[in-house]
Amino acid sequence: MPDIKSSHNTMSRKVVITGMGIYSCLGTDLDSVKDSLWNGKSGIVFDPERKAMGYRSALTGYVPEPDLKSILSRSQRAFLPTHGAYAYVATDQALKMAGINMEYLEKNSVGILYGGDSTAEPTYQSICTMVEKGDTLRCGSGAIFKSMNSTVTMNLSCLFKLRGINMTVSAACASGSHAIGLGYLLIKEGLEECIVCGGAQEINKYVVGSFDGIGAFSIRENEPEKASRPFDRDRDGLVPSGGAATLILESEESALKRGANIIAEVVGYGFSSNGDHISTPNVAGPAQSLRNCFKNSGIDPSQIGYINAHATSTPVGDKNEALAIAEVFGKDMPPVSSTKGQTGHEMWMAGASEAIYSIIMMKNGFIAPSLNFENPDQDTALLNIPTERLETKFDMFLSNSFGFGGTNSTLIIKNR
């Protein structure tokens, strides 16, 4: 195994997590998500509307639409797409957990970095209105703000009075992870004190039709809860899902000054690009992301107690990630699981939600099973994949997120 120990320059500023919020197919708050992880519950369903549209696979994660009528005004809701509503709820939860109220937000500079890479439904609706009515005015004043890729950060920065950095990170299925990593770097370098980080993914019948068209999805429609099978020998494709996840990243100094409860600490961020095929991942790119994360953090692979793998349940993707993890970790192999067995692939939000899932498990002393992992193949057999829930303590985990175009992100987070 190549030497990947660090020669990095230690920075004085630590970056901690003081709040989390989640709105996913496993639950719409941290407690319900914890119960789903503990019990190995799946959030995957069959959607008849997708089948009627001509989907090859009508499987999807199910996420209810939040009712914000009593919380936001009509004009505020007019600018907010459904996945923006998910993000609003998750961010409200996270800020409350962090002990940050509107008075604090109005008096201090707080930024937002949120992962997102599509707004298909609002765009489709606007185009249909223009074509049907022959008049762009009929689209309404909120259409442009709903349909831009930066819709979540635009809306949340206004709703929560955020005056720091304001940017959407579009990096396919690594978007949420990169948002956390970039927030970590900005705070570590002293450019921000507090940043709202996360990822959101719309979950409607318009957004993933093209994915279905390239045969990326599992076709186990007769058994939705068994369709997403990360690392399993009989995996046949991913299951799309979505929602939103928010983490409040803050300098340790800021958190201590506020008297905030520190949940965890971000201690590493690595990234790379495959520079190869636009949709088929390789081994070298993910392996380099892992190595960069270890090198830049000063962490050794032997210190990692758990790996939350990207593993989406595709034949090639899971194989190459297994090979990359085995190449980098060698004999220091901790338990590896993919929560996508329960959630499906939450796409743009996955890096953020999986960080939260892993923190929940770390704080509660267990590792959820890689649901539906029944038989390894010759490559996934290289990993230590639990088939049942492990009740075990660990104080540091690594989370992988990889995306189309070969974008790779790796995070290391430790307990506090």
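A residue counts as partly exposed when its relative accessible area lies between the buried limit of under 20% and the exposed limit of over 50%. These legends describe close-up views of a predicted model.

**View 1. A nonpolar patch on the surface includes Ile 127.**
Ile 127 has a relative accessible area of 44%, so this residue is partly exposed. Ile 127 belongs to helix 6, which covers residues 120-133. Together with Met 130 and Val 131, Ile 127 makes a nonpolar surface patch of about 280 Å². An α-helix has 3.6 residues a turn, so residues three or four places apart point the same way.

**View 2. Ile 17 sits in the largest nonpolar core.**
This core holds 71 residues, and Ile 17 and Leu 249 have the most contacts inside it. The element that gives the most to this core is helix 4 (residues 82-98), with nine residues. A second, separate core has 25 residues, among them Phe 231, Val 328, Val 336 and Ile 412. With neighbours within four places in sequence left aside, the contacts of Ile 17 include Leu 247, Ile 248 and Leu 249. Ile 17 is also in contact with Asn 261, Ile 262, Ile 263, Ala 264 and Val 266, as well as with Ile 359 and Ile 413.

**View 3. Helix 4 is largely enclosed by the rest of the structure.**
Of the 17 residues in helix 4, 13 are buried, and therefore the helix is largely enclosed. At 1.5 Å a residue, helix 4 should span 24 Å. The C-alpha atoms at its ends are 25 Å apart, which agrees with that expected span. Gly 99 comes just after helix 4 and takes a positive phi of about 75 degrees.

**View 4. Arg 229 is buried in a loop.**
The loop in question runs between helix 10 (209-213) and strand 7 (243-251). Arg 229 has a relative accessible area of 3%, so this residue counts as buried. Not counting residues up to four places away in sequence, Arg 229 touches Arg 220, Asp 234, Arg 235, Ser 313 and Asp 318, and also Leu 371, Asn 372 and Glu 374.

**View 5. Asp 318 and Arg 235 form a salt bridge.**
The closest N and O atoms of this pair are 3.6 Å apart. Asp 318 lies in helix 13 (residues 315-329) and Arg 235 in the loop between helix 10 and strand 7, so the salt bridge ties together parts that are 83 residues apart in sequence. Asp 318 is buried, at a relative accessible area of 0%. Arg 235 is buried as well, at 8%.

**View 6. Glu 221 and Glu 223 each take part in a salt bridge.**
The side chain of Glu 221 meets that of Lys 51 at 2.9 Å, N to O. Glu 221 is in the loop between helix 10 and strand 7, while Lys 51 is in helix 2 (residues 48-52), so the pair ties together parts that are 170 residues apart in sequence. Lys 51 is partly exposed, at 34% relative accessibility. The side chain of Glu 223 meets that of Arg 220 at 3.0 Å, N to O. Glu 223 is partly exposed, at 27% relative accessibility, whereas Arg 220 is buried, with a relative accessible area of 19%.

**View 7. Four charged residues share a network of salt bridges.**
The linked residues are Glu 252, Glu 265, Lys 414 and Arg 416. The count of salt bridges comes to 23.

Methods:
Residues numbered from 1 in each chain as written. Predicted model: local features only at pLDDT ≥ 70, side-chain atom pairs only at ≥ 80, totals over all residues. Heavy atoms only, no water. Patch = residues over 30% accessible without salt bridge, like charges linked within 9 Å, V, L, I, M, F, W, Y side chains within 5 Å. Areas by Shrake-Rupley, 256 points an atom, 1.4 Å probe, with all protein chains shown as cover. Helix = DSSP H or I, 4+ residues; strand = E, 2+ residues; numbered from the N terminus. Buried < 20%, exposed > 50% of the residue type's maximum accessible area, 1.4 Å probe, protein only. Core = buried A, V, L, I, M, F, W, Y, C linked by side-chain atoms within 4.5 Å. Contact = heavy atoms within 4.5 Å. Expected span 1.5 Å × (residues − 1).
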